[in-house]
Amino acid sequence: DLEEEQLKTLKKVVKHFENGLPLKNIAQITEILNLCAEKMIEQEAFTDPLCELIKLFGLPFQKKKSSDEVNYSVEVSQSIAQLGYLMRVPSSQVKIQICKSIVSFYNMELPGKLLSGYQPTSVNYKIRMAEEGGLAEALVLSLTLVENQLIEKLWVLKALQHLSTSGVSCRQMVKAQAASRLCLYLNGADPSGQLVFRSSDILWSLLENASKEEVVDQLSNLECVHALKEAFVDLVTRGFRHCDHQLRNDLLVIATLLAENPAVPMIVSILLIVLATFTEVKLPNPLVKGFKLTYSHEDFEMKKLLFNIIGILSKDPSAAQVMSLFFFVWTLQLLSENHVMPALLYYVKLNHQKPGFPDWSTAQYEELQLHAIAVLASVAPVLIDKYLSCQANTLLLVFLEWCMGPGQWVLMAFTQITSEQGIHIYEMYPFTDILKYAADKSKEKEGTVLLEIQADILFILSVLCENDVLRKEIFSCEGVDILITFFKMDPRKLYSGLGHNCLLFSALDCLWSCVIGCYIAEDSFIEKQGIFLLLDLLALKEKNLCNIILGILVEFSDNPETTLHMSVWRGKGDQTTAKLLIQLWRQEELDLGVRRDQYGRIVDTKRPIVTSFQKLQKVIPVPASCPSFAIMEVSESMRAKIYSLFCKLGFENLPGLSAEDFVTLAIIQRYIDFKIGEVWSEIFAEIKEEFRPVTSDERALKVISEISANTGETVVALQTEVLEKRRHHIIQEEKKTYKEVR
């Protein structure tokens with residue numbers, strides 16, 4: 001009997017709040033909403049009032065005081081969340097109105113007039129409350145209620161589109177399995193095409209604003225992959241509008257992310273590989289029946305995306321899991337069967353030769369060439385048999401000689417082949433010619449690309465010449481002259497940030513691989529003052545350069561001419577090679593934490609060259625095949641290399657040294673004796689750790705330890721004698737000067 005009175009009262013409530021709901025009344029209005037929803041199930045007359053009340057939530061909320069937003073935040077967030085739960089009401093009109101009100105959160109228009117004494121809440125207040133209340137999660141769960149209702153479903157997706165602009169809401173949606181739910185709706189009947197558009201847009205937002213791994217994981221089941229594949233194929237074969245092509249590319253990017261996951265059904269990889277190569281190899285395949293490649297911007301972008309996918313699929317799996325390895329091996333078979341290698345090499349042609357692609361602009365075709373060659377660098381090492389059978393080396397060399405612009409990517413392809421598979425290219429001359437060309441161009445105008453090109457060529461030459469004396473001889477004809485120019489580089493360029501330091505390291509590596517070990521090449525390098533240039537670089541005392549240069553000088557020192565050049569070299573302030581090496585030794589010991597007194601003398605005669613790191617190490621028994629800390633230090637430290645060079649230079653009659661230098665030289669001269677004592681000390685410590693040696697062995701070890709300590713004491717005595725001689729000499733000079741004054 002009260003139905004009419006209740007309906008009249010509801011109309012009065014709606015009329016009263018037609019300009020917006022005060023925050024203090026929202027909880028009461030929500031209670032009325034719930035009562036109306038219950039009444040509506042039995043009496044349809046309450047449908048319109050319920051919709052009118054829901055519409056009020058689309059208007060700006062109103063506050064009396066600034067603190068109201070905080071004070072009523074719990075009630076407001078719960079009331080907004082209640083909108084999501086009201087989606088269970090069996091009324092299309094109510095569902096659509098809820099979605100419309102949510103959409104209006106993001107396009108708020110101020111009412112004509114406000115309640116007396118009130119002002120609207122801040123612009124983003126409702127959005128924040130929706131996040132706190134978990135509205136997005138509730139709305140995702142409501143999708144199951146509108147599965148067979150297209151209009152309602154589109155409105156829910158529209159509301160979710162707006163909510164997905166927030167990272168908080170996206171995480172709530174992922175929690176409700178939004179990605180997998182949305183993917184299943186991609187192929188629903190919808191003449192307008194909005195279903196695919198809105199669903200893919202939300203998926204993109206989830207990938208950008210939530211955990212990409214979780215989203216991909218949700219999309220990796222068979223149903224989702226099949227739905228995504230069907231939607232993509234439909235757009236590929238039937239889509240003709242501009243927006244269809246854009247949407248197709250969006251789905252292609254999502255498919256790319258899925259293709260990286262070994263758990264994804266393999267139909268995705270098959271389809272993408274077939275699409276990537278069918279225009280070049282022209283093999284009939286039912287998967288791409290009806291697809292025609294146009295020359296629009298969207299198709300151009302799709303072609304680049306497909307190239308990118310091939311590069312991704314050819315990457316070796318990082319995790320050594322059975323599934324990952326199986327997926328990788330299977331993918332390689334797919335790449336081979338679908339003629340990916342010939343398809344990529346199809347672009348290794350001069351840009352005025354565009355067979356099959358007459359309508360690509362020159363700029364577009366060149367960009368595709370760059371992409372194809374960059375992907376070739378990833379694919380070639382894993383499909384090496386295909387690479388060689390297609391005579392790819394010859395094609396790349398011809399292309400490289402023709403053009404230096406995309407040449408960088410060609411060099412990257414060669415770099416991958418030589419480094420990962422050790423495939424030697426039998427023609428070296430193009431590389432030395434291109435290196436010379438790039439070096440000359442770099443003199444005119446230096447840039448990052450030219451420096452990278454030179455570094456890549458130096459690496460390729462290093463791999464080609466390593467352990468091959470004949471190639472080193474060929475390299476010496478022109479290559480040594482080019483290397484010399486790199487070592488004459490202005491040291492200030494090392495700090496330019498353009499890549500000169502990387503270029504110098506590549507040049508040093510090339511010197512080691514292409515010159516050392518071949519007497520003809522070594523003599524040519526030495527004749528062109530190469531040793532002087534290396535010592536000039538060493539005098540810069542750059543920590544990361546010194547160890548490499550010292551190693552190279554040690555290798556060169558077997559050549560008698562090297563020692564002569566090292567003896568006559570003079571640096572700044574008439575610095576000799578011996579003095580430079582002693583300075584480097586002192587700096588190395590300082591960095592390693594080796595104990596010395598203020599005059600540079602030995603402090604610990606039992607362990608005179610031990611580093612601070614070695615002192616911290618506990619005694620760990622290791623097998624005879626494993627090097628100990630004392631042995632490993634030899635290869636990592638510069639001291640062993642400096643000692644080796646002094647063995648060639650000699651320890652006597654060295655000009656330009658001070659008393660402090662002779663104090664350090666005394667340690668260098670006995671380095672090998674100290675190192676032997678250090679190794680015996682480790683052996684003794686390991687034996688004591690595991691068992692007690694027999695008397696004769698213990699006596700022998702004790703004698704060895706005493707010999708090592710005596711050697712240290714002998715060196716200290718020699719150092720003290722040198723310092724005393726210097727002190728005595730200074731006193732004599734002072735007396736002489738005093739006598740002259742008198």
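D574 counts as exposed, with a relative accessibility of 55%. In this predicted model, D574 sits in the loop between helix 31 (560-568) and helix 32 (577-592), and its phi is positive, about 60 degrees, although D574 is not a glycine. That makes D574 a handy place to start, since most residues other than glycine have a negative phi. The bullets below go from backbone details to the overall fold, then to cores, individual residues and pockets.

**Backbone and loops**

- N653 also has a positive phi without being a glycine, with a value near 55 degrees.
- The loop that holds N653 runs between helix 35 (639-649) and helix 36 (659-669).
- N653 has a relative accessible area of 78%, so N653 is exposed, the cut-off being over 50%.
- G134, just after helix 7, takes a positive phi of about 75 degrees.
- N148 belongs to the loop between helix 8 and helix 9 (150-163), and at 76% relative accessibility N148 is exposed.
- Between the C-alpha atoms of N148 and A189 there are 9.8 Å, although the two residues are 41 apart along the chain.

**Overall fold**

- The protein contains 38 helices and two strands.
- Half the chain is out of the way of solvent by the usual count: 50% of the 742 residues are buried.
- Taking contacts between residues at least 6 apart in sequence, 75% join residues at least 24 apart.

**Nonpolar cores**

- The largest nonpolar core has 126 residues, and the members that touch the most others are L53, F61, L160 and L206.
- Helix 14 is the biggest contributor to this core, giving nine residues.
- Which residues does L160 contact, leaving aside its neighbours within four places in sequence? The partners of L160 are A136, L139, V140, L143, M173 and I202.
- Another core lies apart from the largest one; this second core has 79 residues, including I460, L483, F486 and C510.

**Helix 7 and its surroundings**

- Helix 7 spans residues 125-133, and its buried residues are Y125, K126, I127, M129, A130 and E131.
- Note that the buried set of helix 7 includes K126 and E131, which are charged residues.
- The cover over these buried residues includes helix 4 (68-71), helix 5, helix 8 (135-141) and helix 10 (167-175).

**Two residues worth a look**

- Q82 is part of helix 5, which covers residues 73-85.
- The side chains of Q82 and N34 make a polar contact at 3.1 Å.
- Beyond residues up to four places away in sequence, Q82 touches T30 and N34.
- Is D299, in helix 17 (residues 297-313), buried or exposed? D299 is buried, at 1% relative accessibility.
- Outside the residues up to four places away in sequence, D299 touches H245, R248, K292, L293, T294 and W360.

**Largest pocket**

- The largest pocket has a volume of about 700 Å³.
- Its lining has 30 residues, and R607, E678, S681, E682 and A685 are the closest to the centre.
- Helix 33 (612-616), helix 34 (629-636), helix 37 (671-690) and helix 38 (695-741) each give two or more residues to this lining.
- Which element gives the largest share of the lining of the largest pocket? Helix 37 does, with 10 residues.
- By class, the lining of the largest pocket holds 15 nonpolar, seven polar and eight charged residues.

**Second largest pocket**

- The second largest pocket has a volume of about 440 Å³.
- Among the 23 residues lining the second largest pocket, G193, L235, R241, D244 and L247 are the closest to its centre.
- Two or more lining residues come from each of helix 12 (194-209), helix 14 (222-238) and helix 15 (242-259).
- The lining of the second largest pocket divides into nine nonpolar, seven polar and seven charged residues.
- Helix 14 thus turns up twice in this briefing: helix 14 lines the second largest pocket, and helix 14 gives the most residues to the largest nonpolar core.

Key: Residues numbered from 1 in each chain as written. Predicted model: local features only at pLDDT ≥ 70, side-chain atom pairs only at ≥ 80, totals over all residues. Heavy atoms only, no water. 1 Å grid on protein atoms, 1.4 Å probe; cavity = no way out; pocket = protein on both sides within 12 Å on 5 of 7 lines; lining within 4 Å. Points joined across faces, edges and corners; volume = space filled by probe spheres on them. Helix = DSSP H or I, 4+ residues; strand = E, 2+ residues; numbered from the N terminus. Core = buried A, V, L, I, M, F, W, Y, C linked by side-chain atoms within 4.5 Å. Buried < 20%, exposed > 50% of the residue type's maximum accessible area, 1.4 Å probe, protein only. Contact = heavy atoms within 4.5 Å. Polar contact = N/O pair within 3.5 Å; in protein donor to acceptor, adjacent residues only side chain to side chain.
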